[in-house]
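Student: I would like a close look at one part of this model, the charged side chains that pair with each other. Please take the pairs in turn and say how far each partner is open to solvent.

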Amino acid sequence: MRPGAVALAVSSLLALGAGPAAPAPPLPARMADTGGGTQLITAVAPKRASTTGTVTWWDREDGRWVKRGSAPARFGANGLAAGATRKQGTNTTPTGLYHLPYAFGIKAAPRGTAYTYRRVRQDSWWCQDNGSRSYNRWSEPRAADCRAAESEHLITYSAQYAHALVIGFNYERPVRGRGAGIFLHVNGRGATAGCVSVSEKAMRRILVWADPARRPHIAVGTRSGSTAVTRL
């Protein structure tokens, strides 16, 4: 083909819209639901068996989602499971879109934290006893019908619960056996028992960023498949 013809062909293709592809929209813009607020945390793993991935926090401004930060994340030791059918004790992180009721921690809240922040004390527990009326709730002191062996004594997790946000999984109307005590918290030594964890530095940044007036939610999922974060 003559050089002039090549130039004409390229020009024609560009005119037809065959030029460089436009960048993909930000992740929240590709999601089915973001919770209706103007802040969002996404916690995404490559696949359901993954124990690591990425947490990213976003602001919606002028009709667009803007990335404010991200950090490596850890998930359950047995990967992720669909939140609607997850079973307690499986060491899986429940996928889904959840509200964030309040924050807590052994350490004081980072300066600038707007969330309600509950300090962990010696008698602070999270009840995971399926037979207790306090199931999937903070219990201080531990409720009489909540067995210690079926609960978390929060102060004993000095690294993980330095700072945390409660994830509203199975929280509003708890289903016994579905799971309790799912948080966004500081990394421990490895994978979690079902929570999502990040570094302490990242956790502190998230707490300073999060504004309850903007109704932030957390979306937990995979990159693709039935538990893809874009399908929540």
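Tutor: What follows goes through the salt bridges and then turns briefly to the largest pocket. The model is predicted, and the count of salt bridges in it comes to 8. Side chains of opposite charge can pair when their charged atoms come close.

Start with arginine 68, which is partly exposed at a relative accessible area of 36%. Arginine 68 forms a salt bridge with aspartate 59, and the closest N and O atoms of that pair are 2.9 Å apart. Aspartate 59 has 6% relative accessibility, so it counts as buried, the limit being under 20%. Arginine 68 also meets the side chain of glutamate 61 in a salt bridge, at 2.6 Å from N to O. Glutamate 61 counts as partly exposed, with 34% relative accessibility.

A further salt bridge is formed by arginine 147 and aspartate 129, with 2.9 Å between the closest N and O atoms. This pair links distant parts of the chain, 18 residues apart. Arginine 147 lies in the loop between strand S9 (137–139) and strand S10 (151–153), and aspartate 129 in the loop between strand S8 (125–127) and S9. Aspartate 129 is buried, with a relative accessible area of 3%. As for shared partners, salt bridges join Asp59, Glu61, Arg68 and Arg214 into one network.

Charged residues also appear in the lining of the largest pocket, where there are 3 of them beside 13 polar and 7 nonpolar residues. Of the 23 lining residues, Glu152, Thr192, Ala193, Gly194 and Cys195 lie nearest the centre of the pocket, which holds about 370 Å³ of space.

Key: Residues numbered from 1 in each chain as written. Predicted model: local features only at pLDDT ≥ 70, side-chain atom pairs only at ≥ 80, totals over all residues. Heavy atoms only, no water. 1 Å grid on protein atoms, 1.4 Å probe; cavity = no way out; pocket = protein on both sides within 12 Å on 5 of 7 lines; lining within 4 Å. Points joined across faces, edges and corners; volume = space filled by probe spheres on them. Nonpolar A, V, L, I, M, F, W, Y, C, P; charged D, E, K, R; others polar. Salt bridge = Lys/Arg side-chain N within 4 Å of Asp/Glu carboxyl O. Buried < 20%, exposed > 50% of the residue type's maximum accessible area, 1.4 Å probe, protein only. Helix = DSSP H or I, 4+ residues; strand = E, 2+ residues; numbered from the N terminus.
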